[in-house]
Every structure is written in C-alpha cells, then in structure tokens.
Amino acid sequence: MADYERVLLVKNEVFVYRIPPRQSNRGYRAADWSLQNPDWTGRMRVTTKADDNNCYIKLEDKAGELFAQCPVESYPGVAVEPVTDSSRYFVVRIQDGSGRNAFIGIGFADRSDSFDLNVTIQDHFKGLQSLTELEKDMKNQPALDLAFKEGQTISINIGNKTKTPRPKPGGGSIGILPPPPGSKIPTLAPPPSSGNPIRGRNSPSSSPAHVASANVPAQPASNANSLLDLGFGGELM
C-alpha cells in the first residue's frame, strides 16, 4: 500500500520556464519570463500517496518519463506560488532524489487548466483537514458501553405466534340430514331365483313354488348309475 498512488489531475500540456531570482518581496511576475519561448513542454500530473498527506506535481514528457517533481506539503505555501500579474502561471519548487531544491515557472495556454490546478490542490488539503477534525471528534466522544448491568436480563419470545386456521376449499362441509320422525325405510323383496329368500314381516311361511316342489315324487336313479354302483367296469356310451 505504500506505493499506491492516486491521480488527482492530469493536464496534457504545460510549459516550463527558467525564472530569474526574486528581485523583491512583492512576488514573481510572469512578464519577466520569456513566455514565447518555453524551456520545456510536456504534461503534468497531480498525485497523492496512501501513506502520505502531501500531493505531488509531476512534470513528465510525452513518453511518461519524469522530468521534475514538486512535493506540496501545504497550500498556499512555499512549494506552489501564483505570480502577481497573471492567473495562468505559477512558481513551483522542484526537488531531486538527493533533496536539492530549485524554483521554476510553469504555465498553461488555457486559463481553465490553471484554475483546475489551483482547485485540485485546495480540495486535497481541505479534505485532510476535515478528516483530522472528524478523527479528533471521535476520540473526544465517550466510549459506548453495551455490556449488561448487574441483574439486567432480557427476554425473547420465540414461537408464540397464533396460527390462523385455513378455510376449507369449496365453502363449508355439508352434513347428512337425519330422516324425519315416524318415517320407515322400505325393505325390497329378493328376486324369485334367490336361494335364500329373505322373508319379510308379512310374507307367508311357504310360497306356492315350495308346495309344488314338495309334492313331486323322486325320480329313480338312472341305469348307468346303478351299474357303476354294482362294480361293473367299462365305458358307458
């Protein structure tokens, strides 16, 4: 995470100028530079790191190689200073890896580019200030005690929901009505060919068919049955 870099602003064209020493405390003037003949032209990126509160103005060539870098610790400050006679030019303090410093002038062809640089650096440090104040307020707040006090209990009701009975489909059930009082259920007589006739309450004890069958004399056994009973073999024809 130490090498993580966040890009805040990119401008594809920036002009770099060698500037004369400051003549007085009244500030730098862009009119003292050779504005028509910049000493170097490239692109500018404003970045910040995850573990660093500073932001960095990086001047790079078209291939992305670093030309110069300006660490900005605060704004307004010594690292970035607007000129007194124009809103499109600034004086920045660049540093090399060994810690040596130098002051150069930078400028933009479009006034909106210089406005974006100014606002980007201001917003970065305003955000850091708001974050610092928020952390300070959180430290001053008392810690929230969520522990149970002595003798304090809680009760939880689980599964006490009342169940609503579901209605049966098709409306309600239809019950079987009882027969009216004094009514009799009729009994059907069995068919004549039934072997076990069911006698009703008013049926006679013997039917005419029974009387006729009782008076018929028994038929004598056939001669073939008599021969078989006497033990004669052979096949009957």
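Here are four short exercises on this structure, each with a worked solution.

This is a predicted model, in which local features need pLDDT of at least 70, side-chain atom pairs count only at pLDDT 80 or more, and totals for chains, interfaces and linings use all residues. Residues are numbered from 1 along each chain as its sequence is written, and side-chain values use heavy atoms, with hydrogens and water left out.

**Exercise 1.** Find out how many disulfides the structure has.

*Solution.* Start with the rule: a disulfide is a pair of cysteine sulfur atoms within 2.5 Å. A search of the whole structure gives zero. Next, look at Cys-55: the nearest cysteine sulfur belongs to Cys-70 and is 8.1 Å away, so Cys-55 is in no disulfide. Finally, check accessibility, where buried means under 20% relative accessible area, exposed over 50%, and partly exposed in between (1.4 Å probe, protein chains only). Cys-55 is buried at 0%, and Cys-70 is buried at 1%.

**Exercise 2.** Work out whether the rings of Tyr-17 and Tyr-89 are stacked or edge-to-face.

*Solution.* Rings of Phe, Tyr and Trp (its six-membered ring) pair if their centres lie within 6.5 Å; planes under 30 degrees apart are stacked, over 60 edge-to-face, and the rest tilted. The structure holds four such aromatic pairs. For Tyr-17 and Tyr-89, the centres are 6.1 Å apart and the planes stand at 65°, so this pair is edge-to-face. Now place the residues, using strands as DSSP runs (E, at least two residues), numbered from the N terminus. Tyr-17 lies in β1 (residues 5-17) and Tyr-89 in β6 (residues 89-95), so the pair ties together parts 72 residues apart in sequence. Tyr-17 is buried at 3%, and Tyr-89 is buried at 7%. Together with Trp-33, these two tyrosines form one aromatic cluster.

**Exercise 3.** Do the same for Trp-40 and Phe-67: which kind of pair do they make?

*Solution.* Their ring centres are 4.2 Å apart and their planes are at 5°, so the pair is stacked. Trp-40 belongs to strand β2 (residues 40-49) and Phe-67 to strand β4 (residues 66-72), so parts 27 residues apart in sequence are tied together. Trp-40 is buried at 16%, whereas Phe-67 is partly exposed at 43%.

**Exercise 4.** Find the ring that Lys-49 lies over.

*Solution.* A charge sits over a ring if NZ of Lys or CZ of Arg is within 6 Å of the ring centre and within 35 degrees of the ring normal. Lys-49 lies over the face of Tyr-56, at 5.5 Å from the ring centre.

Note on methods:
Helices (H or I, at least four residues) and strands (E, at least two) are DSSP runs, numbered from the N terminus.
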